[in-house]
Amino acid sequence: MVVAYLYFFVVGVCLGSFSNVLIYRIPLKQSIAKGRSHCGGCNRQIPAYDLIPIVSYVILKGRCRFCNEKIGIIHPIIELMGGLVAVFCFWFFKFDPLGLVVYAIMMVLMVIAIIDWRHMIIPDSLNAILLILFGVYLFFTYQSWQSHLLGALVVPGIMIATNLLVPSSFGGGDVKLMIASGIGLGLANSLLAGFIGVIVAGGYAFYLILTKKVNRKSHIAFGPYLCMGIVAAVFYGPKIIQSYLDLFNI
Ligand SMILES: [Zn+2]
């Protein structure tokens, strides 16, 4: 069992390393398959022995071997996250193949969250991949066609209606994100995901306004918070909803 956990951790770290490539290249519209990675400082190609996830960052003390340019701490953090999420999925699902689907969903959500946080955009290509993955997820977790249909419609509908009242509250990418995930999650879980996203984003925005880091007219990226909501709904949605209902003895 320890070997299995170690195996999934190492594979996850490598996939986390690939996520770094996606996070960096997709917003720049660069090919994700072709071309080796370059240093952002001196533009030199990074040698293969400096591309070992996490290990290389520690050995190089977070700087480029040639020009001493700082390598963002976010890189090893994403690699580590890739490994930890893999371990968590394995612990949660054991050998259930659904665990692999959920792991892929988690990694795409992580890429979406970081790209949206940095660039205020959710690329359509990533929402399309998420839609396919949640389509597979649906087969494992099928509730009823009404639930999955409404899951794809209700939260995005509320977001579009909100936009009519308060223009550009949500971006098109946010709406597509909730369509893609809502199909798989079903109505109750997608409502929960949207609700958690809005609460966390609202709390964060409130904090930023209180500390005068932004004013009321500033925009914050919603994607990362919606992604948090989706993560919570995937793993603990039914439990959270049940404990909420228990409060009222329903
Ligand atoms: Zn360099």
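## Helix H1 and its buried side

In H1, the buried residues are Phe 8, Gly 12, Val 13, Gly 16, Ser 17, Ser 19, Asn 20, Leu 22 and Ile 23. Bear in mind as you look around that this is a predicted model. H1 has 24 residues, and from its first C-alpha to its last it reaches 35 Å, close to the 34 Å expected at 1.5 Å a residue.

What covers those buried residues? The cover includes H3 and H4. In general, an α-helix has 3.6 residues a turn, so residues three or four places apart point the same way.

## Where H1 meets H4

Two packed helices are described by the angle between their axes and the distance between the axes. For H1 and H4, the angle is about 35° and the axes are 10 Å apart. The crossing is right-handed.

So who is doing the touching? From H1 come Leu 15, Ser 19, Leu 22 and Ile 23, while H4 brings Met 107, Met 110, Val 111, Ile 114 and Ile 115. Sorted by class, this contact has 8 nonpolar residues, 1 polar residue and no charged ones. Among the H1 residues here, Ser 19, Leu 22 and Ile 23 also appear in the helix's buried set.

## Helix H3

Next up is H3, which runs over residues 74-93. With 20 residues, H3 reaches 28 Å from its first C-alpha to its last, close to the 28 Å expected at 1.5 Å a residue. Just after H3 comes Lys 94, and its phi is positive, near 50°.

H3 has its own buried residues: His 75, Pro 76, Ile 78, Glu 79, Gly 82, Gly 83, Val 85, Ala 86, Cys 89 and Phe 90. Which helices do they pack against? The partners are H1 (2-25), H2 (55-59) and H4 (98-119).

## Two domains, and a look across

Zooming out, the domain assignment of the protein gives domain 1 as 1-95 and domain 2 as 122-250. The C-alpha centres of the two domains lie 28 Å apart.

For a spot further along the chain, try Ile 158, which lies in helix H6 (residues 145-165). Is Ile 158 buried or partly exposed? Ile 158 is partly exposed, because it has 16 other C-beta atoms within 10 Å, and a residue needs 20 or more to be buried. His 75, by contrast, is one of the buried residues of H3. Ile 158 and His 75 sit 83 residues apart in sequence and 36 Å apart in space, C-alpha to C-alpha.

Note on methods
Residues numbered from 1 in each chain as written. Predicted model: local features only at pLDDT ≥ 70, side-chain atom pairs only at ≥ 80, totals over all residues. Domains from an automatic or database assignment. Helix = DSSP H or I, 4+ residues; strand = E, 2+ residues; numbered from the N terminus. Expected span 1.5 Å × (residues − 1). Buried ≥ 20, exposed ≤ 12 C-beta atoms within 10 Å, placed from the backbone. Contact = placed C-beta atoms within 7 Å. Axes fitted to C-alpha atoms, helices over the stretch in contact; angles between N-to-C directions. Left-handed = near helix turned anticlockwise from the far one by under 90°. Nonpolar A, V, L, I, M, F, W, Y, C, P; charged D, E, K, R; others polar.
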